Amino acid sequence: MDIAVFAKAPQAGAAKTRLIPALGAAGAARLQRQLTLQALRLAQHFCTGQMTLWCSPDTHHHFFQALHTRFGLRLCSQSGTHLGTRMSNAFAAHDGPLLLIGTDCPAMETGHLVTAANVLCEGHDAVFIPAEDGGYVLVGLRCPQPRLFENIDWGSASVMAQTRERLTELDLRWAEPATLWDVDRPSDLARLATLEGFSDFAQRHNN
């Protein structure tokens, strides 16, 4: 099955901005780099089809070019005014079932991807892994569903709840096989530091 990874360039001051108070601009960018590498290693281990890295703001950053060489993956630029449009465009660019993940969920494992892929293979229209903060860290679709991503309050705690409403409105069959946590705020860093390879990102101070 094909998999798409959404990633932001690890530019100091522009990456993981909500973590800058705890890590500094350079530290937040370094974390973005490490999270992206982990997400790609996970995707590569799972992927049986095409793996695509959807880059923001575009594919030109030297980090993305290095990843293209290292992983042999396809690079595409994210396009759209908000996350929903960008995800919809990514699904529209692929044929057949597709899993899409970001880079903010280091707790995700191969088993989560396998389970999500099986959900689609069993005939569901969609699969989601919600995040504890109200969003989601994985979405998979059997075919593009552009209306699914319309009129969602992206970045809010109601993303998954609003998405469930939209799924119901569209009469789509979906499953949520797991719930995971992601790394968005300084309060997430203590848990991140317990994972192998991320001990350097312990929270420096309380916020």
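So, F91: in this predicted model, its relative accessibility is 3%, so F91 counts as buried, the cut-off being under 20%. Let's see who sits with it. F91 makes an aromatic pair with F149, and the pair is stacked, with 6.0 Å from centre to centre and 15° between the planes. Why do we say stacked? Because planes under 30 degrees apart get that word.

Now find the two partners along the chain. F91 is in helix α3, while F149 is in the loop between β6 and α5, so this pair links distant parts of the chain, 58 residues apart. And F149, is that one buried or exposed? Buried again, at 2% relative accessibility. There's a third member too: W154 joins F91 and F149 in one aromatic cluster.

Okay, other rings. How many aromatic pairs does the structure hold? The count is 6. One of them is F63 with F64. Here the ring centres are 6.1 Å apart and the planes stand at 40°, so we call this pair tilted. Both partners are buried: F63 has a relative accessible area of 6%, and for F64 the value is 0%.

Right, on to charges. Side chains of opposite charge can pair when their charged atoms come close. In this model we count 6 salt bridges. Let me start with K16 and D184, where the closest N and O atoms are 3.9 Å apart. K16 sits in the loop between β1 and α1, and D184 sits in the loop between β7 and α6, so their salt bridge ties together parts that are 168 residues apart in sequence. K16 and D184 are both buried; for D184 the relative accessibility is 12%.

D184 has another partner as well. Which one? That's R18, whose side chain meets D184 in a salt bridge at 4.0 Å, N to O. R18 is in the loop between β1 and α1, so with D184 over in the loop between β7 and α6, this pair ties together parts 166 residues apart in sequence. R18 isn't buried, though: its relative accessible area is 43%, so we call R18 partly exposed. Put D104 into the picture and you get a network of salt bridges linking K16, R18, D104 and D184.

For a more local example, go to helix α5, residues 159–169. Both R166 and E169 lie in this helix, 3 residues apart, which is about one turn. They form a salt bridge, and the closest N and O atoms are 3.1 Å apart. The two ends don't match in exposure: E169 is exposed, with a relative accessible area of 56%, whereas R166 is buried, at 14%.

Last stop, the pocket. The largest one has a volume of about 1,000 Å³. Its lining has 34 residues, and the closest to the pocket's centre are R18, L83, D104, D182 and D184. You've met some of those names already: R18, D104 and D184 belong to the salt-bridge network. Which elements give two or more residues to this lining? They are β1, α3, β4 and β6. β6 gives the most, with 4 residues. And α3, remember, is the helix where F91 lies. By class, the lining of this pocket has 16 nonpolar, 9 polar and 9 charged residues.

Notes. Residues are numbered from 1 along each chain as its sequence is written. This is a predicted model: local features need pLDDT of at least 70, side-chain atom pairs count only at pLDDT 80 or more; totals for chains, interfaces and linings use all residues. Side-chain values use heavy atoms; hydrogens and water are left out. On a 1 Å grid over the protein atoms alone, a cavity is a set of points where a 1.4 Å probe fits but cannot get out, and a pocket is an open set with protein on both sides within 12 Å along at least five of seven lines; lining residues have an atom within 4 Å of a point. Grid points are joined across faces, edges and corners, and a volume is the space filled by probe spheres set on the points. Ala, Val, Leu, Ile, Met, Phe, Trp, Tyr, Cys and Pro count as nonpolar, Asp, Glu, Lys and Arg as charged, and the others, Gly among them, as polar. Buried means under 20% relative accessible area, exposed over 50%, partly exposed in between (1.4 Å probe, protein chains only). Rings of Phe, Tyr and Trp (its six-membered ring) pair if their centres lie within 6.5 Å; planes under 30 degrees apart count as stacked, over 60 as edge-to-face and the rest as tilted.
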